[in-house]
Amino acid sequence: MLLAELSGRFVRYIQMVSVFSLALLAVACSKKESGGASTTGAFLKPADFSNLTFDQLSGTDALKGLKESSAIYDNKPDTASTPTGDGDSDDNDPFEACEKKNQPTIKIVDGSTINVDANIDILQCLKEQAASSGQAGGGSQSVDGGQFAMRFVFNITCPGADFSEFQGKKIDEIGLGVDDSLPSPIESKCRALESIKTFVNASFILKSPETGDKAFEVNMKMAQFTKEGDACTQTKVAAGYQSNGCLTMNYSAVNFGGMIKKNLTVFESSNLLNGASSTATWFAGGAYKVSINNFTGTLTYTGADTAPSYSLTGAGETLTGNLNNTTLALESVSPSSSAKGLISGQWNHLISQARAAWSNAR
């Protein structure tokens, strides 16, 4: 299938870009200087999400977008189905080889920050894998001249911790590349500390070489930081960890043969409480200020076992209610990890998106 003919399922993948691990949300970073340890590798800033154009949604579509966002969960539930092209791979899968070849390594900054920084030309890698197996054009001549790449930066900072033993290790080696909660080698160094800081920048581009009605292009950018572009801090409290003023921002622009869809979602934490349970679906308390394209509002949590209530206003409508059936809106999403799996969740989600794109483009 040509890139221009990628299925609507993959479009939903791309639009569903709230993939950040929100159990590690937060306020401001203690390092305010540009390039501080906890923001090492930053390539996006809050201004990059300003003055963007987006589709004008109806109330129904805005509510659907809210339900489809990973940001609303403390621990997102698994789903009953797995999309085609997103399942287990085999030893002959060129994408599997590219994933292994490009798995990020860890850099330790100032002793207490784990930095993972990757800039991957997926298309080039796929072509190289195909060439080594005697297949021209990466298994699909239609992608020659196109673009298929992603860039991401993740930082985890535990002020006072010593992560030096992790320097140069692959993310799998300490459990960051698997679907799990914060791996025990990291958690053991952070559990006695008063806060955990996180910072995320990510971008993704998939572009076909065709023009006109065969053209296809997807651009995404995502970030988790404060309004100043600093790392977020989740502060330890009696009931768990709490965050304020942390932004989770996601933007996608999808162009199918001149038909363009653009979406921008912003979640800002307000006393958002991540409780002690690793299986609780919902945050234990607090709220989000929410922006979904032309709709704004709040999402309020009253307990880890209770679906949050929402209030959204836009397009002349005001919507209120409880998100009591959100899993129904997630049937096209691959099973996810606990929200505590910061790097594993993001890495695996981007890889699954890229894998789905490649499978559909071949």
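Are C158 and C190 buried or exposed? Both cysteines are buried. The legends below describe close-up views of a predicted model.

**Figure 1. Overview of the predicted chain.** The model is a prediction. Its chain holds six helices and 13 strands. Of the 362 residues, 55% count as buried. The accessible surface comes to about 14,500 Å². Carbon and sulfur atoms contribute 47% of that surface. Among contacts with a separation of 6 or more, 74% are between residues 24 or more positions apart. The views that follow turn to disulfides, strands, rings and one loop residue.

**Figure 2. The disulfide of C158 and C190.** A disulfide is a covalent bond between the sulfur atoms of two cysteines. The count for this model is two disulfides. In this view, C158 is joined to C190, with an S to S distance of 1.9 Å. The angle about the S-S bond is 100°, and the link of C158 and C190 is right-handed. The pair connects distant parts of the chain, 32 residues apart. C158 sits in the loop between β3 (147–157) and α5 (184–190). C190 belongs to helix α5. Both C158 and C190 are buried.

**Figure 3. The disulfide of C232 and C246.** The sulfur atoms of C232 and C246 lie 2.0 Å apart and form a disulfide. This link is right-handed, with 80° about the S-S bond. C232 lies in strand β6 (residues 232–237), and C246 lies in the loop between β7 (240–243) and β8 (247–256), so the disulfide ties together parts 14 residues apart in sequence. How is C232 classed at a relative accessible area of 0%? C232 is buried. The cut-off for buried is under 20% relative accessible area. C246 has 1% relative accessibility, so C246 counts as buried.

**Figure 4. Strand β6 and its partners.** Strand β6 pairs with β4 and with β7. β4 (residues 195–207) and β6 run antiparallel and are joined by four bridges. One of the residue pairs here is S195 with T235, the latter in β6. On the β7 side, three bridges join β6 to β7, again in the antiparallel sense. V237 has G240 of β7 as its bridge partner. β6 and β7 form a hairpin, with two residues between them. C232 of the second disulfide also lies in β6.

**Figure 5. Strand β5 between β4 and β8.** Strand β5 (residues 216–225) is mostly covered. Eight of its ten residues are buried. How many bridges join β4 and β5? There are eight, and the strands pair in the antiparallel sense. F204 has M220 of β5 as its bridge partner. β5 also runs antiparallel to β8, and ten bridges join β5 to β8. There, M222 is matched with N250 of β8.

**Figure 6. Aromatic rings.** A search of the whole structure finds eleven aromatic pairs. One of them is F148 with F204, an edge-to-face pair. The ring centres of F148 and F204 are 6.1 Å apart, with 75° between the planes. This pair links distant parts of the chain, with F148 in strand β3 and F204 in strand β4, 56 residues apart. F148 and F204 are buried. F204 also takes part in strand pairing, with M220 as its bridge partner. Elsewhere, ring pairs link F267, F283, Y288 and Y301 into a cluster.

**Figure 7. A lysine over a ring.** Which residue lies over the face of F49? That residue is K221. K221 lies 5.4 Å from the ring centre of F49.

**Figure 8. The loop residue A42.** A42 is found in the loop between α1 (8–15) and α2 (59–67). Its relative accessibility is 42%, so A42 counts as partly exposed. The class of partly exposed falls between the cut-offs of 20% and 50%. Leaving aside neighbours within four places in sequence, A42 is in contact with F199 and N201. A42 and A223 are 181 residues apart in sequence. In space, A42 and A223 are 9.7 Å apart, C-alpha to C-alpha.

Technical notes:
Residues numbered from 1 in each chain as written. Predicted model: local features only at pLDDT ≥ 70, side-chain atom pairs only at ≥ 80, totals over all residues. Heavy atoms only, no water. Disulfide = S-S within 2.5 Å. Buried < 20%, exposed > 50% of the residue type's maximum accessible area, 1.4 Å probe, protein only. Pairing = 2+ DSSP bridges. Contact = heavy atoms within 4.5 Å. Areas by Shrake-Rupley, 256 points an atom, 1.4 Å probe, with all protein chains shown as cover. Phe/Tyr/Trp six-rings, centres within 6.5 Å; stacked < 30°, edge-to-face > 60°. Lys NZ or Arg CZ within 6 Å of the ring centre and 35° of its normal.
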